[in-house]
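Q: Got a minute to walk me through this one? I'd like the strands, the helices and the packing.

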Amino acid sequence: MRVRDAVRPDADAIAAAHIAAWRAGYRHIFPASIFDDPDFDRSRIEMWRRWSHSPTPDRRLFVADDGSRVVGFALSGHADEDGVDAGEVLGFYVHPDAWGSSAATLLMDAALEHLRSLGHDRVVVWTLADAHRARAFYSKAGVAPTGRTDTWRRYPEHPVEDLEYARDLEQVR
């Protein structure tokens, strides 16, 4: 397993990992109608095909490649919140076929190192309250709940609780 910067030809594989991870990780959170909607796959495929995969100093998209395909990604950069002086893991998904492999740990390590290289001393990650597998992984990676919550409204008819996790970056190996 290796982690590298994403390139434009990775778009469809990134979308496939994103779609599969959502279906496996969030099926218990959202109604089946969301996953069954043809726009569910299409919107993610189109999003990743439009994405510029060229790394910039402040934002990088990493992929985990198992030698035959991309199995996950991590997007890291400056926190999107006004007034927050921290780095953020803005997106983080691994294909369920690669759960339990080293992919997630390697992606998190790359994202945290990138944020540290930008001069951040703290990282934040937001995750859905009922995303138990993701929350367990973040805790294992040393990213702990801060107590801050928000409501995530990606699907307005199904708002869900979002939890902030954080970690000091001095802890990065």
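A: Sure. One term before we start: contact here means heavy atoms within 4.5 Å. Also, this is a predicted model.

Q: OK. Leaving aside neighbours within four places in sequence, what is Phe137 in contact with?
A: Phe92, Ala104, Thr105 and Met108, once those sequence neighbours are set aside.

Q: Which residues have the most contacts inside the largest nonpolar core?
A: Phe137 is one of them. The others are Val89, Phe92, Leu107, Met108 and Tyr138. That core has 26 residues.

Q: Which elements each supply at least two residues of this core?
A: Strands E2 (59-65), E3 (70-78), E4 (87-94), E5 (122-128) and E7 (160-168) do. So do H4 and helix H5 (132-140).

Q: And where does the largest share come from?
A: From H4, with eight residues.

Q: What other core is there?
A: Another one, of 24 residues, lies apart from it. Tyr26, Trp48, Val63 and Leu75 are among its members.

Q: Back to H4. Where does that helix run, and is His114 in it buried or exposed?
A: H4 covers residues 103-117, and His114 is found there. His114 counts as buried because its relative accessibility is 3%; the cut-off for buried is under 20%.

Q: What does His114 touch, leaving aside neighbours within four places in sequence?
A: His114 is in contact with Thr56, Pro57, Asp58, Arg59, Arg60 and Phe62. Ser76 and Gly77 complete that list.

Q: Switching to strands. How many residues of E4 are buried?
A: Seven of the eight, so E4 is largely enclosed by the rest of the structure.

Q: How do E3 and E4 pair?
A: Antiparallel, over seven bridges. One bridge joins His78 to Gly87, the latter in E4.

Q: And E4 with E5, parallel or antiparallel?
A: Parallel, with three bridges joining them. Glu88 has Val124 of E5 as its bridge partner. The chain gets from E4 to E5 through H4, a right-handed β-α-β crossover.

Q: Last one: H1. What does it reach from first C-alpha to last?
A: Helix H1 spans residues 11-26, which is 16 residues, and reaches 22 Å. That is close to the 22 Å expected at 1.5 Å a residue.

Q: Which residues of H1 are buried?
A: Ala11, Ile14, Ala15, Ala17, His18, Ile19, Ala20, Ala21, Trp22, Gly25 and Tyr26. Tyr26 is also among the residues of the 24-residue core.

Technical notes: Residues numbered from 1 in each chain as written. Predicted model: local features only at pLDDT ≥ 70, side-chain atom pairs only at ≥ 80, totals over all residues. Heavy atoms only, no water. Helix = DSSP H or I, 4+ residues; strand = E, 2+ residues; numbered from the N terminus. Buried < 20%, exposed > 50% of the residue type's maximum accessible area, 1.4 Å probe, protein only. Expected span 1.5 Å × (residues − 1). Core = buried A, V, L, I, M, F, W, Y, C linked by side-chain atoms within 4.5 Å. Pairing = 2+ DSSP bridges. Right-handed = clockwise from strand over helix to strand, strands pointing away.
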